[in-house]
Amino acid sequence: MASSSRTDLQPVTRSAGGVDARGVGLGAAAYAMWGLFPAFWALMAPAGPWEILAHRIAWTMILMAGVLALLRGWPQVRRLSARGWLVVTASALAIAVNWGVFIYGVQINHVVEVALGYYMNPLVSVLLGLLVLRERLRAGQWVALGLAFVAVVVLTVQNGRVPWLGLALATSFGVYGLLKKTVPLPSTASLTAEGLVLGPVAFGYLAWLGTAGHSTFGEGAWHTALLIAGGPVTAVPLLLFGAAARRIPLATLGTLMYLTPTMQFLWGWLVNHEPVPALKWAGFALVWTALVIFTIDLWLGRARATPPPQV
């Protein structure tokens, strides 16, 4: 995010007394909104997942283009190099896959498996760091990854198939996060640039739906408003997350992240009444144990990396 006075690359000063309470609130609000996504995207029927995805991309691009203009951030996008545009294109494709799989999972009432993907996301990110960045893992991270692998085996046995929805969500978002580390843009400009890559395809698909008579856009004021609302509903939690990331430590932000899949899991189980047999509970229990170990290791690693106060 850029403006004449501040960009989202500039750190926010925190008090010496502890974590920024406003940052925690912003992060919790972002993750709570993401946790309610199954409820929102389920309202889009009778639109299919491809149409919903196209509207989500199109309206997000329009909104973010306006926000970036208000913040005077367009020069950052115009200065992006050819290599930068390649990375933006790759990250745009990764987030499009993530959004599409999520919407599809909600529409077929597999929200519990969607939640699994977001529970596993931090573990997949660690695995990508090992495989792609050659990062060295601590003992706790190895144990967490091992438990996650056993969980996938247990869930595969229970389902009679690999939990591909959850794995696709975790992998696509992990790849997206990995690519975002190399995009030389603040978050608002980066999201807008991704919209510029995906937007023409989304608008082209929507135009084809309209001419073919398959579009649901315009079929009732409420339905049309919901499709348009996909833009701000996508952008607002991302902006809240970006603000929180500047205010609070990564360990705190990573702990708050579990709010999203927990809300999604409860929605799938209690509201959608999706079956959760004993073996599936066992698989989730392994994932939750892995996340407890991962989070403890994350906090201990942060404590070791923090220099002692000067006396």
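How much accessible surface does the protein chain have, and what share of it belongs to carbon and sulfur atoms? The surface comes to about 15000 Å². Carbon and sulfur atoms hold 71% of that.

Before going further: this is a predicted model. The chain averages a pLDDT of 85. A score of at least 70 is reached by 90% of the residues. The weak stretch is residues 1-17, where the pLDDT is below 50. That stretch still makes 30 contacts in the model beyond its near neighbours in sequence.

Now the fold. Which secondary structure elements do we have? There are 13 helices and zero strands. Read from the N terminus, the order is α-α-α-α-α-α-α-α-α-α-α-α-α. The chain has 311 residues, and 48% of them are buried. Take the contacts with a separation of 6 or more: 84% of those join residues 24 or more positions apart.

Here is one such pairing up close. Leu240 sits in helix α10, residues 221-247. Its C-alpha is 6.5 Å from that of Gly27, yet the two are 213 residues apart in sequence. Setting aside residues up to four places away, Leu240 touches Leu26, Ala29, Ala30 and Met33.

Thr260 is another case. This residue belongs to helix α12, residues 259-271. Buried or exposed? Thr260 counts as buried, because its relative accessibility is 6%, and the cut-off for buried is under 20%. Outside its neighbours within four places in sequence, Thr260 contacts Tyr31, Trp34 and Gly35.

On to the interior. The largest nonpolar core has 69 residues. Which of them touch the most other members? Those are Trp41, Met44, Phe102, Met120, Leu123, Phe265 and Val287. Helix α6, residues 111-131, supplies the largest share of this core, with 13 residues. Apart from that core lies another one, of nine residues. Leu68, Leu80, Val88 and Val183 are among them.

Back to Val287 for a moment. What does Val287 touch, not counting residues up to four places away in sequence? The list is Leu116, Tyr119, Met120 and Ala151.

Next, the outside. There is a nonpolar patch on the surface. The members are Phe149, Val150, Val153, Val157 and Leu279. Together they show about 460 Å² of accessible area. Helix α7, residues 139-159, gives the most to the patch, with four residues. Val150 is found in that helix. Val150 is partly exposed, because its relative accessibility is 38%. Patch members need over 30% relative accessible area.

Last topic: charge pairs. How many salt bridges do we count? The count is three.

Start with Arg161 and Glu113. The closest N and O atoms are 2.8 Å apart. Arg161 lies in the loop between α7 and α8, and Glu113 lies in helix α6, so the bridge ties together parts 48 residues apart in sequence. How covered are the two ends? Arg161 counts as partly exposed, at 29% relative accessibility. Glu113 counts as buried, at 8%.

Then Arg138 and Asp297. Here the closest N and O atoms are 2.7 Å apart. Arg138 is in the loop between α6 and α7, while Asp297 is in helix α13, residues 278-305. The pair links distant parts of the chain, 159 residues apart. Arg138 is partly exposed, with 33% relative accessibility. Asp297 is buried, with a relative accessible area of 10%.

The remaining pair is Lys180 and Glu194. Their closest N and O atoms are 3.1 Å apart. Lys180 is in helix α8 and Glu194 in helix α9, residues 187-212, so this bridge ties together parts that are 14 residues apart in sequence. Lys180 counts as partly exposed, at 25% relative accessibility. Glu194 counts as buried, at 1%.

To recap. The chain is built of 13 helices and zero strands. One core holds 69 residues, and another holds nine. A nonpolar patch lies on the surface, with helix α7 giving the most to it. The salt bridges number three. And keep residues 1-17 in mind when you look at the model, with their pLDDT below 50.

Notes
Residues are numbered from 1 along each chain as its sequence is written. This is a predicted model: local features need pLDDT of at least 70, side-chain atom pairs count only at pLDDT 80 or more; totals for chains, interfaces and linings use all residues. Side-chain values use heavy atoms; hydrogens and water are left out. Patches are made of residues with over 30% relative accessible area and no salt bridge: like charges are joined within 9 Å, nonpolar side chains (Val, Leu, Ile, Met, Phe, Trp, Tyr) within 5 Å. Accessible areas come from the Shrake-Rupley method with a 1.4 Å probe; for residues, only the protein chains shown count as cover. A salt bridge is a side-chain nitrogen of Lys or Arg within 4 Å of a carboxyl oxygen of Asp or Glu. Helices (H or I, at least four residues) and strands (E, at least two) are DSSP runs, numbered from the N terminus. Buried means under 20% relative accessible area, exposed over 50%, partly exposed in between (1.4 Å probe, protein chains only). A nonpolar core is a set of buried Ala, Val, Leu, Ile, Met, Phe, Trp, Tyr and Cys residues joined through side-chain atoms within 4.5 Å. Contact means heavy atoms within 4.5 Å. pLDDT is the predictor's confidence in each residue, from 0 to 100.
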